[in-house]
Amino acid sequence: MAFARLLKGKDPARTPNTLARHLFSSYEQYRLDHLGPHNCNHTEITAAVHSVVASSRGLLDFQEAGKSLEGRSINLISCGKGNKRILLWSQMHGDEYTATLALMDILNMLVRRSSEEKWIHEMFDEATLYFLPMLNPDGAERRQRRTAQNIDMNRDARALITPEAQLLRNLQHRLKPQFGFNLHDQELWAVGDTKEISAIALLAPALDHKRSSPMVRVRAMRVAALITRVLAQFIPKNLATYDDAFEPRAFGDNMQLWGTSTVLVESGHWPGDRAKKFIRKLNFVGILTALRCIANGSYQDAELDLYKELPQNGKAIYDIIIRDVVLKHSLNGTSEWAQSVDIGLSIPVNTNPDPVVVTVKDIGDLSTYATLETINGNKRSIASSLLTLEQEIPLSGLLNALQLYHR
Ligand SMILES: [Zn+2]
């Protein structure tokens, strides 16, 4: 017994927190570096799926779960032989790449470390994992949220008019997973009323308007609490939750109704990380630790309060705030109003990194707003006629008008 305890002391997976730290510190060697948001499309991801399955010596199974409206394959990778079935799907919104990339990193890690790390073998004995990266390849191809025919798949769980939503529904019906992971990217939000950035938001969606908590939802809450506990080691101030109002057409809500305890994981943002590498790493650590703890049942030890006390996503954050600019407004061509203001800018999701295009979102006192990046306006002036709300302009053009030089 003492010897067993001694051995246990060397096991990196002896607690959820130690496993998460182990994964956090070793992540970079498993990251598939050739994949990023810039090439997270059907061709690249399918090639990576085939490559990792081929190198897995039978550990991973591949099947085509079906096809998108435009005929792109929707790929399903499975592993393990246990009776806890866990289904993970990503990118039902075509421009939400982070979790797809993290799932590929997870598959790579499992293949490369399964013969070295005992907890992986134990997990495969206890659970069967089903990975469905990129549920909306047609949207991914267009770098847009919606499907090819412009339907939001996450409002199609009830009507099931899109083939991709039908596929996910049928898969849930066929596999009957006890647990599900619904993986998305979110907008820029602050945590609650703080200026901290929401890096990861977790939700166990409601399954009725009363927001009741039957066991199927409580299990999802416990998984979310477990992820909160392990990720709080790295981002104690940057975890949030969503409003849990019931959305009868959304997949998370319906998955719970269909009996699958489902956690929504929303990938947020981090300063200086437009490619979201850090958020991808947090996905890798949080999801993989959760899979292991669902498999061996230890997720049940997570305190529900950890989840219930998460602050909600608060107010919007700007990508850039230019602080202390003098805004000039001409009055009938005879006199001029001039005052110091802040300018809040957002960077639309699908623009190329170079040149950076921004949208002017707000002008005025933005001192209560957080931002990923601050540019000091140095009291340089700009005419109000040059700033139109909601209009896209090149950042360099705006900075030139202000005679500001950026990096
Ligand atoms: Zn989404």
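Visitor: In this predicted model, how do the axes of helix H4 and helix H5 cross?

Guide: Read the axis distance and the crossing angle together. In this model, H4 spans residues 98-113 and H5 spans residues 118-126. Their axes come within 9 Å and cross at roughly 110°.

Visitor: What does that angle make H4 and H5 to each other?

Guide: Angles of 65 to 115 degrees count as roughly perpendicular. H4 and H5 are therefore roughly perpendicular to each other.

Visitor: Which residues make the contact?

Guide: H4 supplies Met-109, Leu-110 and Arg-113. H5 supplies Trp-119, Ile-120, Met-123 and Phe-124. By class, the contact of H4 with H5 has 6 nonpolar residues, 1 charged and no polar.

Visitor: Now the metal. Which atoms coordinate the zinc ion?

Guide: Look for donor atoms around the ion. His-93 and His-184 each give ND1, and Glu-96 appears twice through OE. The distances run from 2.0 to 2.6 Å.

Visitor: What is the geometry of the zinc site?

Guide: Start from the ideal. Four tetrahedral donors would have angles of 109.5 degrees. To count as tetrahedral, all angles must lie between 85 and 135 degrees. Among the 4 donor atoms of the zinc ion, the angles are 55 to 152°. The site is irregular.

Visitor: How are the donor residues of the zinc ion spaced in sequence?

Guide: The pattern is H-x2-E-x87-H. Glu-96 and His-184 link distant parts of the chain, 88 residues apart. Glu-96 sits in the loop between strand E3 (84-90) and H4. His-184 belongs to strand E5, residues 179-185.

Visitor: Are Glu-96 and His-184 buried or exposed?

Guide: Both are buried.

Visitor: How do I judge burial for Ser-346?

Guide: Compare relative accessibility with the cut-off: buried means under 20%. Ser-346 has 18%, so Ser-346 counts as buried. Its place is in strand E12, residues 335-346.

Visitor: What is Ser-346 in contact with, beyond its neighbours within four places in sequence?

Guide: Its contacts there are Asp-319, Val-357, Val-358, Thr-359 and Lys-361.

Visitor: And where does Leu-282 lie?

Guide: Leu-282 is in helix H10, residues 277-295. Its relative accessibility is 1%, so Leu-282 counts as buried too.

Visitor: Which residues does Leu-282 touch?

Guide: Set aside residues up to four places away in sequence. Leu-282 then touches Phe-24, Ala-199, Ile-200, Leu-231, Phe-234 and Ile-235.

Visitor: How many ångströms separate the C-alpha atoms of Leu-282 and Val-223?

Guide: They are separated by 15 Å. Along the chain, Leu-282 and Val-223 are 59 residues apart.

How values were computed
Residues numbered from 1 in each chain as written. Predicted model: local features only at pLDDT ≥ 70, side-chain atom pairs only at ≥ 80, totals over all residues. Heavy atoms only, no water. Axes fitted to C-alpha atoms, helices over the stretch in contact; angles between N-to-C directions. Helix = DSSP H or I, 4+ residues; strand = E, 2+ residues; numbered from the N terminus. Parallel < 35°, antiparallel > 145°, perpendicular 65-115°, else oblique. Contact = heavy atoms within 4.5 Å. Nonpolar A, V, L, I, M, F, W, Y, C, P; charged D, E, K, R; others polar. Donors = N, O, S within 2.8 Å, 3.2 Å for Na, K, Ca; no water. Tetrahedral: all angles 85-135°; square planar, octahedral: opposite > 155°, others 65-115°. Buried < 20%, exposed > 50% of the residue type's maximum accessible area, 1.4 Å probe, protein only.
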